Each structure stands twice: as structure tokens, then as C-alpha cells.
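Visitor: I am new to this structure. Please pick a single part, take me through it closely, and then show me how it sits in the rest.

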Amino acid sequence: MTSFRISEAAALLGVSDDTVRRWADAGRLELERGPNGIRMVAGSELVRLLGDEPDGGALARAFPLARASTRNRFVGLVTAVERDGVMAQVELRAGPFRIVSLMSREAADELGLEPGMLAAASAKATVVSIELPGGVDA
């Protein structure tokens, strides 16, 4: 998939469909016509737009916590915290992404994690898997 419908492009950019249309009308984003006449956005246009804000964009400006690293840091709202005797499971929503962290209950208590709080999840991994639509692993 190298071209996206306006609604798909909006979801990938984290903006509304109307914003994508306004950007196209203002010349910030180029639209093309798909085979069935539907307006589409080339994936390369999305990459260009994502690179337009090297400072991390609006999220980083609103919440400086997001500025630490754009590669492995997800800033969002804590949506659930489940504690048991030793462990805690913390769920965070960062845009369209749901991140779940398992940590000691002591760590969750020290951080005072509760639903509705702003927090950042950071990820470190030696292996990252990429999947294509349709379930083909790369």
C-alpha cells in the first residue's frame, strides 16, 4: 500500500480528515486521484509531512516530556492500572497506540500511577518485527 485514502492519511498523521483536506487546499499536501476517482495521499507525501516537524510536533510543544526521543518514547494518558501483590500492569494510550507495561507494584506506587495521568512509555529492544497488512512478516 503506497497510497492512502484521506481518512487513512489523517489517522496516520494524527489529525482529522478535514485537516488533511485543508492542507491539500493550502498546498501543504498533494493529493492524487486513485483508479476509482477517490482522492488519495501518496505515502511519500506522508513521510515528507512527518519530517516537517523535527522538534517532535505539537505533542512535544504541549508536553515537553515527549521531547526526549521520538524513536522510542510514547507520551499519552494512563488508561488502566491493575495491581496485585507484587506486580502491576499499566496501560497507556498514546494517540492510536495502546502500550502495556508490566512493572513491580512498588514502582507503580512510587510513580503514583493512576488512570487519567499523563505519562511516557519508553521502549528498548534488540529486535523489532514489522508486519504488512495481510499478516506477512518482514
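Guide: Start with one side-chain pair. The side chain of T19 meets the side chain of S16 in a polar contact of 3.0 Å. This is a predicted model, so every distance here is computed from predicted atoms. T19 belongs to helix α2, which covers residues 17-25. Is T19 buried or exposed? Its relative accessibility is 14%. The cut-off for buried is under 20%, so T19 counts as buried.

Now step back to the whole chain. It holds 5 helices and 9 strands. Along the sequence, they follow the pattern β-α-α-β-β-α-α-β-β-β-α-β-β-β. The chain has 138 residues, and buried ones make up 26% of them. T19 is one of the buried residues. The accessible surface comes to about 9500 Å². Carbon and sulfur atoms account for 54% of that surface. Take the contacts between residues at least 6 apart in sequence: 38% of them join residues at least 24 apart.

Next, a sheet. Three strands form an open sheet in the order β1-β3-β2, with antiparallel pairing. β1 (3-5) and β2 (31-33) stand at the edges. Each has a single partner strand, so one side of each is left without a neighbour in the sheet. From one strand to the next, the twist averages 50°. Look at one pairing in detail. β2 and β3 (residues 39-42) run antiparallel and share 3 bridges. R33 has R39, in β3, as its bridge partner. A helix lies against this sheet. Helix α1, residues 6-13, packs on it and touches β1, β2 and β3. The direction of α1 makes about 100° with that of β1.

Move on to a hairpin, made by β5 and β6. These strands pair in the antiparallel sense over 8 bridges. M87 stands opposite S104 in β6. There are 2 residues between the strands of the hairpin. G95 takes a positive phi near 60° there.

One residue of β5 deserves a closer look: E91. E91 has a relative accessible area of 19% and is buried. Its side chain makes a polar contact with the side chain of R98, at 3.1 Å. Setting aside residues up to four places away in sequence, E91 touches L77, V78, T79, A80, R98, I99 and V100.

What makes up the largest nonpolar core? It has 12 residues: V78, V81, A88, V90, L92, A94, I99, M103, A108, L113, A119 and A121. Four strands each supply at least two of its residues: β4 (73-83), β5 (87-94), β6 (97-104) and β7 (118-122). β5 gives the most, with 4 residues. In a regular strand, side chains alternate between the two faces of the sheet.

L92 is one member of that core. Leaving out neighbours within four places in sequence, L92 is in contact with F74, G76, L77, V78, T79, F97, R98, I99, A119 and A121. Another core lies apart from this one. That second core has 11 residues, among them A10, L13, V20 and L49.

Conventions:
Residues are numbered from 1 along each chain as its sequence is written. This is a predicted model: local features need pLDDT of at least 70, side-chain atom pairs count only at pLDDT 80 or more; totals for chains, interfaces and linings use all residues. Side-chain values use heavy atoms; hydrogens and water are left out. A nonpolar core is a set of buried Ala, Val, Leu, Ile, Met, Phe, Trp, Tyr and Cys residues joined through side-chain atoms within 4.5 Å. Buried means under 20% relative accessible area, exposed over 50%, partly exposed in between (1.4 Å probe, protein chains only). Contact means heavy atoms within 4.5 Å. Two strands pair if DSSP finds at least two bridges between them. Axes are lines fitted to C-alpha atoms, for helices over the stretch in contact, and angles run from 0 to 180 degrees between N-to-C directions. A polar contact is a pair of N or O atoms within 3.5 Å; within protein, one must be able to donate a hydrogen and the other to accept it, and residues adjacent in sequence count only if both atoms are side-chain atoms. Accessible areas come from the Shrake-Rupley method with a 1.4 Å probe; for residues, only the protein chains shown count as cover.
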